[in-house]
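Visitor: I am new to this structure. Please pick one part and take me through it closely.

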Amino acid sequence: MIRVMLCDDHAVVRRGIRDTLAEGMDIEVVGEAGSYPELRELLRRAECDVLLLDLNLPGRGGIEVLTSLRETHPGIKALIVSMYPEDQYALRCLRAGAQGYASKAADPADLIGAVRTLVQGRKYLTPEVAQLLADSVAQPTPAQPHDALSERELQTLLKIASGRRLADIAEELMLSPKTVSVYRARVLEKLRLANNAELTVYAIRNNLV
């Protein structure tokens, strides 16, 4: 039996994924978490083969979680299941240690095949991601300014571009408003932007949101 854990801060999304995976007779969901602290507690009590992980988590984001898992649970295969565009985030996640990337807009039945692929020791790549990977190897694209952002800075960028106030971002990321203001200032400096309006335009033009 393939043991799977889910980590997504939306209970409705976890329910949908759990119901989808239930159609795979060789798959068992052994735990669910809505944040990284909950996931750590789960991993103390149970083992899993595959982790289905959202990128946009409260507090520590998905890429930070991937980095931690590589050190603490290197045997777990991580499949990112995200709403963010594949062309902007899939390669970033693979470089961070994910074994696959799936869009929440994809056919839910594909998740069963993705889980089985990871357990077989192979990476799960959609045709779109496989093409991106091939292109990056054959002809590396010039780095974009946002490629230099840290995980926290990228999270701040995405949330500001989505219309969140700094106070809301601080609460969602479990940080102080002052810390979020520092991340915002770093983002503006690295991207050479002047304000939130320019930041939002940048995010839209670069297909980040």
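Guide: Here is a close look at a pair of packed helices, followed by the nonpolar core and one buried residue. Keep in mind that this is a predicted model.

Start with helix 3, residues 62–72, and helix 4, residues 86–96. Their axes lie 9 Å apart and meet at an angle of about 20°. Angles under 35 degrees count as roughly parallel, so helix 3 is roughly parallel to helix 4. The crossing of helix 3 past helix 4 is right-handed.

Which residues make the contact? Helix 3 brings Ile63, Leu66, Thr67 and Arg70. Helix 4 answers with Arg92, Cys93, Arg95 and Ala96. By type, the residues of this contact are 4 nonpolar, 1 polar and 3 charged.

Now turn to the core. The largest nonpolar core has 47 residues. Leu39 and Leu157 touch the most other members. Helix 4 comes back here: it gives the most to this core, with 6 residues. Look at Leu39 itself. Beyond its neighbours within four places in sequence, Leu39 is in contact with Met5, Cys7, Ala33, Leu51 and Val65. There is also a second, separate core of 17 residues, with Leu6, Val50, Val81 and Leu118 among them.

Last stop: Tyr202, in helix 10, residues 196–205. Is Tyr202 buried or exposed? Its relative accessible area is 11%. Buried means under 20%, so Tyr202 is buried. Setting aside neighbours within four places in sequence, Tyr202 is in contact with Pro145, His146, Leu191, Leu193 and Leu208. Ile169 sits 33 residues away along the chain, and the C-alpha atoms of Tyr202 and Ile169 are separated by 19 Å.

Technical notes. Residues are numbered from 1 along each chain as its sequence is written. This is a predicted model: local features need pLDDT of at least 70, side-chain atom pairs count only at pLDDT 80 or more; totals for chains, interfaces and linings use all residues. Side-chain values use heavy atoms; hydrogens and water are left out. Axes are lines fitted to C-alpha atoms, for helices over the stretch in contact, and angles run from 0 to 180 degrees between N-to-C directions. Helices (H or I, at least four residues) and strands (E, at least two) are DSSP runs, numbered from the N terminus. Angles under 35 degrees count as roughly parallel, over 145 as roughly antiparallel, 65 to 115 as roughly perpendicular and the rest as oblique. A crossing is left-handed if the near helix is turned anticlockwise from the far one by less than a right angle, and right-handed if clockwise. Contact means heavy atoms within 4.5 Å. Ala, Val, Leu, Ile, Met, Phe, Trp, Tyr, Cys and Pro count as nonpolar, Asp, Glu, Lys and Arg as charged, and the others, Gly among them, as polar. A nonpolar core is a set of buried Ala, Val, Leu, Ile, Met, Phe, Trp, Tyr and Cys residues joined through side-chain atoms within 4.5 Å. Buried means under 20% relative accessible area, exposed over 50%, partly exposed in between (1.4 Å probe, protein chains only).
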